[in-house]
Amino acid sequence: MKKIQISPSILSADFSQLGVEIKRLEEGGADMIHVDVMDGHFVPNLTIGPPVIKALRKQCDLKFDVHLMISPVHKYIESYADAGADIITIHPEATDNLEASILKIRELNKKVGVSLNPESKIDLIKGFLDKIDLILIMSVNPGFGGQKFMPEVLEKIKELKKIQNNNNLDFDIEIDGGINFDNCKDAIEAGANILVSGTTIFKSNNGDIKKNINLLKLK
Ligand code: DX5
Ligand code: ZN
């Protein structure tokens, strides 16, 4: 059984002091930092890019779990690797050659993540499951924090878990979007071992990050 990890999304952080915020996450027991990169094209929102990630890199030793909601993604992979990403997660719909993009991330010695939107089927990535380190299951439509959790995606996680066990594969299953204290147990029981959370971690219990992270870990 994989250790349950929490990857707080800085999309819900105070953008005027991101350096301080990621330090708070580190002190609060985060296992990694979920960095939502949005280009206003693949998703209808625009956030941060390589220069900001490069600046944040110096502030924190935790792994940067970089979620690229950008397209076309292939030509930008290297700049996120150079900026300090440790895990680079892409959307299959954002590249015209998923295999080449996976290989590119691998060549740069980064962990490879592939993300499935709520309506995207596992078939989209079936042929690559032995080549990726992490599958990011979206439980909201990408673009914004604070959205409502879509429980139907839990079936997809259960199916992935079965495929993983039947084929002796070892990828992490990360769930992202609307994760809170009411649904985190269902997500873990379905088979997710990394939980992304922005709103719940930064806004619940008067912003007590340590308490919120532990509650999501069912501690
Ligand atoms: C949405 C992002 C998520 C989001 C999670 O496109 O990929 O990571 O920030 O935020 P919450 O936990 O507030 O849904
Ligand atoms: Zn994300």
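**Two pockets and ligand 1**

Biologist: How much space lies in the second largest pocket?

Modeller: In this predicted model, local features need pLDDT of at least 70 and side-chain atom pairs pLDDT 80 or more, while totals for chains, interfaces and linings use all residues; side-chain values use heavy atoms, without hydrogens or water. Residues are numbered from 1 along each chain as written, with chains lettered from A and ligands numbered from 1 in written order. The second largest pocket (an open set of points on a 1 Å grid over the protein atoms alone, with protein on both sides within 12 Å along at least five of seven lines) holds about 220 Å³.

Biologist: Which residues that line the second largest pocket are closest to its centre?

Modeller: The lining of this pocket (residues with an atom within 4 Å of a point) comprises 16 residues. Closest to the centre are Lys2, Lys111, Asp133, Leu134 and Asp172.

Biologist: What volume has the largest pocket?

Modeller: Its lining consists of 28 residues, with Phe144, Gly145, Gly146, Gly177 and Gly178 nearest the centre. Its volume is about 290 Å³.

Biologist: Where does ligand 1 sit?

Modeller: Around ligand 1 there are 21 residues (a heavy atom within 4 Å), and Asp36, Gly143, Asp176, Gly198 and Thr199 come nearest. Ligand 1 sits (more than half of its atoms within 2 Å of the grid points) in the largest pocket.

Biologist: How many Å separate an oxygen atom of ligand 1 from an N or O atom in the side chain of threonine 199?

Modeller: A polar side-chain atom of histidine 34 lies 3.4 Å from a ligand 1 oxygen, and one of aspartate 176 lies 2.6 Å from a ligand 1 oxygen. For threonine 199, the value is 2.4 Å.

Note on methods
A polar contact is a pair of N or O atoms within 3.5 Å; within protein, one must be able to donate a hydrogen and the other to accept it, and residues adjacent in sequence count only if both atoms are side-chain atoms. On a 1 Å grid over the protein atoms alone, a cavity is a set of points where a 1.4 Å probe fits but cannot get out, and a pocket is an open set with protein on both sides within 12 Å along at least five of seven lines; lining residues have an atom within 4 Å of a point. Grid points are joined across faces, edges and corners, and a volume is the space filled by probe spheres set on the points.
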